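Biologist: I'm new to reading protein models, and I'd like to go through one with you. Could you put it up so we can talk it over?

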Amino acid sequence: MSADSVDTPEAPVRTDGALDFGVLRDVLGFHITLANIATVALFERHVGGPFNLRKAEFSLLMLLLANDATPAKHLARTLRLSSPNLTMLVDRMQAKHWLRRERNPADRRSQMIVLSAEGLALARRAQAAAKTMEHSLLRRLSRAERAMLIELLTKIAAPPDAAAGEPPSA
């Protein structure tokens with residue numbers, strides 16, 4: 001051993017190029033990052049590239065498709081965006097004619113975000129493409145594994161003040 005070496009157990013040399021994860025084997029964030037890399041690549045291939053959509057734009061379109069007109073503050077909370085970041089996202093999507101702002105009839109101080117006809121058509125096409133993307137991801141898991149993974153990720157993603165076991169409110 002040279003004077004520059006560190007006292008660590010020597011790992012066997014692998015010929016397949018795979019590395020021993022060492023402590024990373026138990027680091028949740030590392031595995032989430034690897035899963036994110038795989039899912040982002042699929043998103044770009046199936047949805048992002050073909051529809052020229054960013055992940056946040058797609059998520060906002062899907063929320064509006066599922067919920068119709070929605071108060072901006074509810075969208076910001078659900079997407080974990082600050083008000084200024086949601087405003088920039090909505091401005092960008094409004095400039096593309098995908099949505100519009102309307103006064104909230106229940107609270108004239110706030111705005112509702114609404115899909116335009118063009119945004120609705122785009123959301124429906126992107127949703128269909130996302131189903132293909134999801135099938136390629138989820139075929140690796142059983143139905144029970146998929147449900148468990150979503151439940152566990154929901155717990156991890158919940159704000160620290162959320163009640164235990166409850167999904168984030170929309």
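Biologist: Let's start with charges: how many salt bridges does the count come to?

Modeller: First, a caution: this is a predicted model, where local features need pLDDT of at least 70, side-chain atom pairs count only at pLDDT 80 or more, and totals for chains, interfaces and linings use all residues. Residues are numbered from 1 along each chain as its sequence is written, and side-chain values use heavy atoms, with hydrogens and water left out. A salt bridge here is a side-chain nitrogen of Lys or Arg within 4 Å of a carboxyl oxygen of Asp or Glu. By that rule, the count is 6.

Biologist: Before we look at those, what pattern does the protein follow along the sequence?

Modeller: Helices (H or I, at least four residues) and strands (E, at least two) are DSSP runs, numbered from the N terminus. There are 6 helices and 3 strands in the protein. Reading along the sequence, you get α-α-β-α-α-β-β-α-α.

Biologist: Which residue is the salt-bridge partner of Arg92?

Modeller: Side chains of opposite charge can pair when their charged atoms come close. Arg92 lies in helix H4 (residues 83-95) and its partner in helix H2, so the pair ties together parts that are 35 residues apart in sequence. The closest N and O atoms are 3.0 Å apart, and the partner is Glu57.

Biologist: Are those two buried or exposed, and what is the relative accessibility of Glu57?

Modeller: Buried means under 20% relative accessible area, exposed over 50%, and partly exposed in between (1.4 Å probe, protein chains only). Arg92 is partly exposed because its relative accessible area is 28%. Glu57 counts as buried, since its relative accessibility is 0%.

Biologist: H4 also has Asp91, so which residue forms a salt bridge with Asp91?

Modeller: Asp91 itself is partly exposed, at 38% relative accessible area. Its partner is partly exposed too, at 24%, and the closest N and O atoms of the pair are 2.6 Å apart. The partner sits in strand E2 (residues 99-104) while Asp91 is in helix H4, so the bridge links parts 10 residues apart in sequence. That partner is Arg101.

Biologist: Which residues do salt bridges with shared partners join into one network?

Modeller: We've already met the pair of Arg92 and Glu57. Salt bridges that share partners put these two in one network with another residue. The full set is Glu57, Arg92 and Lys96.

Biologist: Staying in H4, which residues does Val90 touch?

Modeller: Val90 is in helix H4, and it is buried because its relative accessible area is 2%. Contact means heavy atoms within 4.5 Å. Leaving out residues up to four places away in sequence, Val90 touches Leu60, Leu99, Arg101 and Ile113.

Biologist: How far apart are the end C-alpha atoms of helix H2?

Modeller: The expected span of a helix is 1.5 Å times one less than its number of residues. H2 covers residues 55-67, so its 13 residues should span 18 Å. The model agrees, with the end C-alpha atoms separated by 18 Å.

Biologist: And which residues in H2 are buried?

Modeller: An α-helix has 3.6 residues a turn, so residues three or four places apart point the same way. Glu57, with 0% relative accessibility, is one of the buried ones. The buried residues in H2 are Glu57, Phe58, Leu60, Leu61, Met62 and Leu64.

Biologist: Now the strands: which residue in E3 is the bridge partner of Glu102?

Modeller: Two strands pair if DSSP finds at least two bridges between them. E2 and E3 pair in the antiparallel sense over 6 bridges, and a hairpin joins them through 2 residues. Strand E1 (residues 70-71) also pairs antiparallel with E3 (residues 107-115), over 2 bridges, and Pro71 has Met112 as its bridge partner there. For Glu102, the partner in E3 is likewise Met112.

Biologist: Last one: what percentage of the residues in the protein is buried?

Modeller: Not everything is tucked away, as Ile37 in helix H1 (residues 28-51) counts as exposed because its relative accessibility is 52%. The protein has 170 residues. Of these, the buried share is 25%.
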